[in-house]
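Please look over the sequence and the model before reading on. The report below moves from the fold as a whole to a single residue.

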Amino acid sequence: MEFENESEFESYLRGLIETRICPNNPDLVLFENKKAVDILICRNGENPALFFLEVKYHKQSHGRLAFGSSSGGGFQPEIISKAPDYFEANLMWLISGEGYSDNGVIFTSSSVIRNYLSGGSVGEKFNNIQKKIFREINGYNEDELVNRIESWLVNS
């Protein structure tokens, strides 16, 4: 699956969640608005929880797979550097990229992302995820991805 940009990739992912996961799980609420994270999902019912999805799409023309602002700030760098327990359990990353569509979509945790930081740590500016993540982490096709996300949302 190739996309024009990260927004198109995010729209595709939101569509999967809205049409293939939420109808089977009435306690899940997908929020349309975003501020701190790309996708926010609330689970109601006996075991309420909030789930966060960060979406990253690599364009060959950009040369890098960036996160946070150009000055090194933002929510994503803080989550990666401070590793708060709540976000370690309730935040996952969805990563794909132009030229990597055969690999599927990577669905992974912040702890795995830390292994792929350019320079080995979060810096003061221009934080990047190394592109070798596409070679070393297996992605999922659409059906597998839906199953993984749904299992995480329902069973966490």
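## Order of the elements

Read from the start of the sequence to its end, the protein follows the pattern α-β-β-β-β-α-α-β-β-α-β-α-α. That pattern is made up of six helices and seven strands, and the reader should keep in mind that the model is predicted.

## Overall dimensions

The C-alpha trace of the protein spans about 40 × 35 × 25 Å along its principal axes. For a compact globule of 156 residues a radius of gyration near 15 Å would be expected, and the protein, with 15 Å, agrees with this.

Within the chain, contacts between residues 24 or more positions apart account for 61% of the contacts with a separation of 6 or more.

## Surface and charge

Of the 156 residues of the protein, 44% count as buried. The accessible surface comes to about 8,100 Å², and carbon and sulfur atoms contribute 46% of that area.

The protein carries 15 positive and 22 negative charges, and the mean positions of these two groups are 8 Å apart.

## A residue with positive phi

Ala83 is located in the loop that lies between α2 (75-82) and α3 (85-90). Most residues other than glycine have a negative phi. Ala83, although it is not a glycine, has a positive phi of about 50°.

Is Ala83 buried, partly exposed or exposed? Because its relative accessibility is 28%, Ala83 counts as partly exposed, a class that lies between the cut-offs of under 20% for buried and over 50% for exposed.

Key
Residues numbered from 1 in each chain as written. Predicted model: local features only at pLDDT ≥ 70, side-chain atom pairs only at ≥ 80, totals over all residues. Heavy atoms only, no water. Helix = DSSP H or I, 4+ residues; strand = E, 2+ residues; numbered from the N terminus. Buried < 20%, exposed > 50% of the residue type's maximum accessible area, 1.4 Å probe, protein only. Rg over C-alpha atoms; globule rule 2.2 N^0.38 Å. Contact = heavy atoms within 4.5 Å. Areas by Shrake-Rupley, 256 points an atom, 1.4 Å probe, with all protein chains shown as cover. Lys, Arg positive; Asp, Glu negative; His and termini not counted. Charge placed at Lys NZ, Arg CZ, Asp CG, Glu CD.
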